[in-house]
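I opened the model today to work through the ligand shell, the sheets and one helix. My notes follow in the order I looked things up.

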Amino acid sequence: MMAAAIETDVVVVGAGPVGLTLANLLADLGVKTLLVDRARTVSDEPRAISITDESLRVMHQIGIAERLAPEMLMDTGARYFGRKGQLLAEVRARQRRLGQPAKSQFDQPVLARFLLDAAGARPLVTVRFETEARNVVSGKDFVDIELASDQGVQAVRCKWLVACDGGRSPTRTQLGIVLEGSTQVERWIVIDVMNSPHAPEPFSQFHCNGKRPCVIVPGVKGRCRYEFMLLPGDDPDGVLEPESVIRLVAPYQTIEARDIRRAAVYMAQQRIAQTYRKGRVLLAGDAAHLMPPFAGQGLNSGVRDAANLAWKLAALVRVEASDALLDTYEQERRPHAAEMVRLSYRIGKVVMSTSPVATALRDGAISALGIVPSAKAWIVGMKFLRQPHFVDGCVQTPSARVPQAAADLVGKALAQPRVREADGATCWLDAVLGPEWSTLHFRPDGHIQAVRQGSAGQAGASSVVDDLDGLFKDLHASGAVLLVRPDRYVAAAVASPDQMTDAFRALEHFLPGLGNAFGTTALRHASLEDPCHASWSPPLGENTQQLHH
Ligand SMILES: Cc1cc2nc3c(=O)[nH]c(=O)nc-3n(C[C@H](O)[C@H](O)[C@H](O)COP(=O)(O)OP(=O)(O)OC[C@H]3O[C@@H](n4cnc5c(N)ncnc54)[C@H](O)[C@@H]3O)c2cc1C
C-alpha cells in the first residue's frame, strides 16, 4: 500500500557531490527540492582529489569554500616523468582568472559532508537517505516517481527530476538513454594513505615509466593518493591485500597497514549519454558522462552541469522561462563534457603506455614540444584543459559594433577579480553580482557599474566598483556592457547601454521577461552618460551594496 503522495518542485536522485551541489543551488534560487539517496549517508569513498577554479567558485557561492580551505592543497600543478625517470614536463596554470587557483587537491568525502551540512541548513531542501527512487514516469506537466524505504513506497509528484544517480544511473537505464563509449581494458589500483610524513609538494607526479605506470597525488593532513596500473598476471583481488599495497607503495614511501585508508581496483570508462534530457527528466554528473580520472574532470564536469542547470530549472519553476531554455542545458554542457572525456582518455594513453618503442617515441615527442615556445606554453600552462565556451545555447552572438575584448567573453565564464567598492571596501566581484542575472557596464569614467536583476518591477541594486586585479583591463572605459547569467557565464555583450534592448530581444525566446527585470536599470545605465538625465544618476556610493566574503 502506497503512502500519501508528496509534491515538490524538483526531485534530485543521488546525494553524491553533483546532486548535493544542485540541491544547494536550487534552494538559493527559491526552488523546493527533495534530494534522495539509497545509501545510508554520503559516500566515504575517496574518489575525486582534483578540483578546478570553476568548481571552487560554485563552492564559494554555496558558502563552504572557507570551511574547505584547510582541507585542500591549493594551487597545484603536475610533473610528468619519462621511462628513465627524467622530468618530461612540469605544468601549472598560473593565472587566477576566476578568483581561485586553476587546480587544487581536495578530498571527495570531506566535500560531500560539507555540501550535506549546507543542504541541511537550507529550509527549501529536504534530504532523505535510505530511500531508493524508482519507476520514473515523465508526463506532460509533472514527473511521477516512487520512493522506496523501510517505511514503504511513497508516490511523489514533481515538476522536474534530475538524475544525479552516478555512472550506473538506474534512471538513465529505465528511460532507455544509451551511454555511448567504451571501457578500458587496463585496471588500476587506487590507494589512499594517511600519515604521510612529508610536507606536501604542490605537484602531482605522473610516472610514465613504461613498466608500472603510477600517479602520486599529495594532499594535506598527511593524505596521499597512489594509483598503479595493474599488469597482466596481477591478481585484482590479491593486490588489495595490505602486504601487496605496502610493496607497491614502497619505492615512494614506507607505510604500515594502518596507514592504508582505502584501496580499490578500478576500470576506467570513457562514455557519454546520448541525450541529457527526456521530457521532464534530466541527467547530470556521472549519470551523463564517465571519464578516466587522469585529467581530474569527472566531478568537476558534474559541478558545471549543476551550475548550468540550477538557474534554468529555477526560471522554469518560477514560470519565467520557455521550455527551450532547458534544451540549452544539453546544447551547452554535452560538447564540453565530451571534450573532457576525450582529453582524459588521451592523457591516460600517454601515461599507460608500456611498449618500449612507444614510450621512447612519446618521451622524445614531449621533449621536442618543449622546444617550441607556443607548444611549451600550451603544455606548461595546462591550456589543454579548455574552459567551456558556448557558441550555441542561451547566448547572443555579438554584433560587429561590440569591442573585440567584450565580444571574446561571450559564452565564457566571467572573470572574477577582487573589486574595490565606492566606500573603499574590497570584495570578490561575485559578491557584488548576487545570485541572479546582472550587467557590468565598463563606464567611460573608468569605473565598472554592476547592476543586479530587479524583481516585481523594482530595479535591482547597483554598485560602482574598480577592478583591482586588472582582469578587465582590455575593457577599461570601453563603454561596453556585459549581460551575465546567474551561473556567471556571459550571455551577451553590447557596445553601450542603449543597445541592451538588442541583447534582451535576442534572449527573449528563452526568457521573455528578462528585459523588464532590467527595465528601470537600463535607463539608469543610460543616465550615467546623458547629462540631461544627470539627476537620475546615483552618486558614487549611493545604493551600493556592502557585501564581503
Ligand atoms: C579513482 C577515482 C579518482 C577520481 N578523481 C577525480 C578527480 O580528481 N577529479 C574529478 O573531478 N573527478 C574525479 N573522479 C570522478 C568523480 O569521483 C565522480 O565524477 C563523482 O563522484 C561523480 O559524482 P556524482 O554525484 O555524479 O555521482 P556519485 O558520486 O556516483 O553519486 C551517485 C549517488 O546516487 C545514488 N543512487 C544511485 N541510484 C539511486 C537510486 N535509484 N535512488 C537513490 N539514490 C541512488 C548513489 O547511492 C550515490 O550516492 C574520480 C573517480 C575515481 C573513481
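Entry 1, ligand shell. I sorted the shell around the ligand by residue class and got 15 nonpolar, 13 polar and 6 charged residues. The model is a predicted one, and in it 34 residues surround the ligand. I noted the closest of them as Gly14, Gly16, Gly166, Gly285 and Gly298. The elements that give two or more residues to this shell are helix 1 (17-28), strand 8 (132-138) and helix 7 (298-317). Which element gives the largest share of the shell? I found that helix 7 does, with 4 residues.

Entry 2, confidence. I looked up the pLDDT before going further. The chain average is 88, and 89% of the residues score at least 70. Over residues 520-549 the pLDDT stays under 50. For that stretch the model has 51 contacts beyond four places in sequence. I leave those contacts uninterpreted, because predicted coordinates should not be read in detail where pLDDT is low.

Entry 3, the mixed sheet. I traced an open sheet of 8 strands with mixed pairing, in the order 5-4-12-13-14-11-15-18. Strand 5 (87-91) and strand 18 (289-290) are the edge strands; each has a single partner strand, so one side of each has no neighbour in the sheet. I then went through some of the pairings from the strand 18 end. Strand 15 (residues 260-273) runs antiparallel to strand 18, and 2 bridges join them. Here arginine 271 stands opposite leucine 290 of strand 18. Strand 15 also pairs with strand 11 (residues 179-193), in the antiparallel sense and over 12 bridges. In this pairing leucine 179 stands opposite alanine 273 of strand 15. Strand 11 pairs with strand 14 (residues 224-229) as well, again antiparallel, over 6 bridges. I noted tyrosine 226 in strand 14 as the bridge partner of isoleucine 191.

Entry 4, the antiparallel sheet. I found an open sheet of 7 strands with antiparallel pairing, in the order 20-19-23-22-21-24-25. Why is one side of strand 20 and of strand 25 left without a neighbour in the sheet? Strand 20 (426-428) and strand 25 (490-494) stand at the edges with a single partner strand each, so nothing in the sheet adjoins the other side. From one strand to the next the twist averages 30 degrees. Strand 21 (residues 438-442) and strand 24 (residues 481-484) run antiparallel and are joined by 4 bridges. Leucine 440 has leucine 482 in strand 24 as its bridge partner. I also checked what packs on this sheet: helix 13 (residues 500-507) does, touching strand 24 and strand 25. The direction of helix 13 makes about 145 degrees with that of strand 25.

Entry 5, helix 2. Is helix 2 (residues 53-62) mostly covered or mostly open? I found it mostly covered, with 9 of its 10 residues buried. The buried residues are Asp53, Glu54, Ser55, Leu56, Arg57, Val58, Met59, His60 and Gln61. I listed what they pack against: helix 1, strand 3 (50-52), helix 3 (65-68), strand 6 (103-105), helix 7 and helix 12 (429-433). Two entries on that list, helix 1 and helix 7, I had already noted as giving two or more residues to the ligand shell. After helix 2 comes glycine 63, with a positive phi near 100 degrees.

Terms used: Residues numbered from 1 in each chain as written. Predicted model: local features only at pLDDT ≥ 70, side-chain atom pairs only at ≥ 80, totals over all residues. Pairing = 2+ DSSP bridges. Near = placed C-beta within 6 Å. Nonpolar A, V, L, I, M, F, W, Y, C, P; charged D, E, K, R; others polar. pLDDT = per-residue confidence, 0-100. Contact = placed C-beta atoms within 7 Å. Axes fitted to C-alpha atoms, helices over the stretch in contact; angles between N-to-C directions. Buried ≥ 20, exposed ≤ 12 C-beta atoms within 10 Å, placed from the backbone.
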